[in-house]
Every structure is written in structure tokens, then in C-alpha cells.
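Me: I would like a close look at a single part of this model. Please start from one residue, then work outward to its surroundings.

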Amino acid sequence: MLTFAEPTFTLQGTPFLVYLPVVDLQTGRLLGMEALVRWRHPSRGDIAPELLLQAADTSNDLAPLTRWILQAACAEAVQWSSSIQLGVNCSVVQLRSGDVARAVSEALEQTLLPADRLDIEIKEEAVADPVASPDLHALSDLGVQLSVDDVGTNWSSFEPFRRNAIATVKIDGSFTAGLEANQGINRLVVETVTHMAHSLGMSAIIEQVETAEQAEIAKEFHVDAAQGFLFAEPLTQAQARVLASLPEVPVFSRTEPQTLVLADGSTVALDEALTAAEVPEVATA
């Protein structure tokens, strides 16, 4: 088991990670998992993620928290099957500091996770930010993948994405619910973003998919992958390790909520598979 020095935080409490699967919409295969930071306060319990980042920025804990997230997530991912990608979020504030690429380099060196298995997720505002640009280019030079999160809420041009070697765009979940209601703007955004991404050699992921109908519509628009409660809620570290360490790549049902498809075509509830002493053989795509 890899170990590393725990940072000292000004904030009271301790950080921990949960993991949200990324699922191929064509095959149902598990492609990767996004590491999401959470914080447990000794008296207030779990702190909302958006409040945590604000508090960490104010208390000057953002840099050590970023280093801890990268080290902890990479140390976990190196134990997964080699086909499973790891996603880690970085804010524009973190990138402006100029420390993200160095923190990534240190985490990769310490954990021996291959750089091409790490996907750094950033917001649209960071792509066009001149102060953040040097760190983005440094990240590209390291060989990690770059993804843009929450695309569709404020985008006007994909040119900055191309200049920064973005590999993946993630369509904001606010557009997902409207797919079922046939809301024109939502469907137009999903279809347009996906088409533009593909035309520039990028892949597209849609967020917050909760129903089989949403998944099917996104699939019809040729969206490559999805995240959301249809497939899984954020998993604990132990659950993520079981899922990502199976001898065969897990396949999720795209019609039955939080269900895995077995090699013989039968299905098993995700929670049952993750808590079973021996997980049944899982189908490959």
C-alpha cells in the first residue's frame, strides 16, 4: 500500500474521496472514475463540496488540499485495472497559482501511475484564462489528459479547447433532464457540443444521467459516455476499488438502474456485486 505524508490543514476535519463512474454509452463498459473530494468536520459532519473549496481558498488550504487529492487519488487508481481512467478536478484558482502541474508531476512520480491514465478536469473559464494557460500547457507536456467540465453553460467557441489540447468535453448536467421533455434548447446543446467535439477529435461525456431514456437519447446524439445515478452514485474508496479491480471490465446496464450485466447476459444489482464476497464474472464489451 502506497503511503505519503499527510498535509497539515488550517480547516478542522479531514478530507476523503468518493468516486463517480464514467460509462461508455455504446457498450456499457466502465471507462473510468472521477475522484470527488469531501470533507468531514468533527462537529458539523460532511461539508458541501462547493463550501469546502471556498473555505479552503479563504484559509490558504487549497494548495495542500490539491496535493492531497492528487496523491490520494493516484495512489488509489494505481491499484485499479489498467484500463480504468482516473479523473481529478482542478479549479481556475488552482491553475492560476501555477502549482497544479508540479503537484501532478509529484503525484505521478510517487505513485507510479502512468500519466495517460490521469484526466485533469477543468472549467470552461480556465481554458481561456491567460494566467492559467502556462499550467495547462505544462499539464499537457506531462502527458495527462485534459477535460473541460460543465460545457454548454457559457461556451461561445471551441478554439481555446483546440489550442489547449483538450481531449474531452463534459456536457453540463443541467441539459440532461430536458432531453426527455423534448426541450429544444437542451437537445440542441447536447447534439451541437457533441458534434463540435467530434469534429475536433475530442470525445463527449454527458453528466447527471438518471434515466434509461436520457441515456438512449444521448446515445442517439452520439455522445460517447455518461455519468449519473442511472449507473451509480458516488462510490466509497472500498467500493471503487472492488469495481475497478475486477478481472474483467464491468459492464453497466443502460436500462436498469445501478445494475451490472454479467457474462451470461443476466444482471446483478451494483450494490450486491460490490458487497459480495466473490463478485460473479462480469461481461466484457
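Reply: Start with Val-169, which sits in strand β7, residues 168-171. This is a predicted model, so every value here is computed from predicted coordinates. Is Val-169 buried or exposed? Its relative accessibility is 0%, so Val-169 counts as buried; the cut-off for buried is under 20%.

Now look at what surrounds Val-169. Set aside residues up to four places away in sequence. Val-169 then touches Val-148, Val-151, Phe-158, Phe-161 and Val-193. Val-169 also touches Ala-197, Met-202, Ser-203, Ala-204 and Ile-205. Two of the strands given here can be matched to these partners. Strand β6 covers 145-151, and Val-148 and Val-151 are among the partners of Val-169. Strand β8 covers 203-206, and Ser-203, Ala-204 and Ile-205 are partners of Val-169 too. For a sense of distance, take Leu-25. Its C-alpha atom is 15 Å from that of Val-169, and the two residues are 144 apart along the chain.

Step back to the core. In soluble globular proteins, nonpolar side chains tend to be buried together. Here, the largest nonpolar core has 84 residues. Which residues have the most contacts inside it? They are Leu-86, Leu-118, Ile-120, Leu-139 and Ile-206. Helix α2, residues 62-77, gives the largest share of this core, with nine residues.

Take Leu-118 from that group. Leave out its neighbours within four places in sequence. Leu-118 is then in contact with Cys-74, Gln-85, Leu-86, Val-88 and Val-104. Leu-108, Leu-113, Val-144 and Gln-145 are in contact with Leu-118 as well. Two of these names lead on to a pair of helices. Cys-74 is in α2, and Val-104 is in α4.

How do α2 and α4 (residues 100-111) sit against each other? Their axes come within 9 Å and cross at roughly 30 degrees. The two helices are therefore roughly parallel to each other, as angles under 35 degrees count as roughly parallel. The crossing of α2 past α4 is right-handed. The contact of α2 with α4 divides into eight nonpolar, three polar and two charged residues. On the α2 side are Arg-67, Leu-70, Gln-71, Cys-74 and Ala-75. On the α4 side are Val-100, Ala-103, Val-104, Glu-106, Ala-107, Leu-108, Gln-110 and Thr-111.

Helix α4 also meets α6. The axes of α4 and α6 come within 8 Å and cross at roughly 25 degrees. That makes α4 roughly parallel to α6. The residues of this contact divide into six nonpolar, one polar and one charged. From α4 come Val-100, Ala-101, Val-104 and Ser-105. From α6 come Asp-135, Ala-138, Leu-139 and Leu-142. Note two names here. Val-104 meets α6, and Val-104 also meets α2. Leu-139 has a place among the core residues with the most contacts.

Now pick out Asp-135, which lies in helix α6. Asp-135 has a relative accessible area of 5%, so this residue is buried. Apart from neighbours within four places in sequence, Asp-135 is in contact with Gln-94, Leu-95, Gly-98, Asp-99, Val-100 and Ala-101. Val-100 and Ala-101 belong to α4. The C-alpha atoms of Asp-135 and Ala-167 are separated by 16 Å, with their positions 32 residues apart along the chain.

Follow the chain onward from α6. Gly-143 is in the loop between α6 (133-142) and β6 (145-151). Gly-143 has a relative accessible area of 30%, so this glycine is partly exposed. Neighbours within four places aside, Gly-143 is in contact with Ala-115 and Asp-116. Ser-83 is 60 residues from Gly-143 along the chain, and their C-alpha atoms are separated by 16 Å.

Return to β8, where Val-169 found some of its partners. Gln-208 lies in the loop between β8 (203-206) and α10 (212-220). This residue has a positive phi of about 60 degrees, although it is not a glycine. After α10 comes His-222, in the loop between α10 and β9 (225-226). Phi of His-222 is also positive, near 70 degrees, and this residue is not a glycine either. His-222 has a relative accessible area of 54%, so it is exposed. Compare the starting point: Val-169, at 0%, is buried.

Methods. Residues numbered from 1 in each chain as written. Predicted model: local features only at pLDDT ≥ 70, side-chain atom pairs only at ≥ 80, totals over all residues. Heavy atoms only, no water. Core = buried A, V, L, I, M, F, W, Y, C linked by side-chain atoms within 4.5 Å. Buried < 20%, exposed > 50% of the residue type's maximum accessible area, 1.4 Å probe, protein only. Helix = DSSP H or I, 4+ residues; strand = E, 2+ residues; numbered from the N terminus. Contact = heavy atoms within 4.5 Å. Axes fitted to C-alpha atoms, helices over the stretch in contact; angles between N-to-C directions. Parallel < 35°, antiparallel > 145°, perpendicular 65-115°, else oblique. Left-handed = near helix turned anticlockwise from the far one by under 90°. Nonpolar A, V, L, I, M, F, W, Y, C, P; charged D, E, K, R; others polar.
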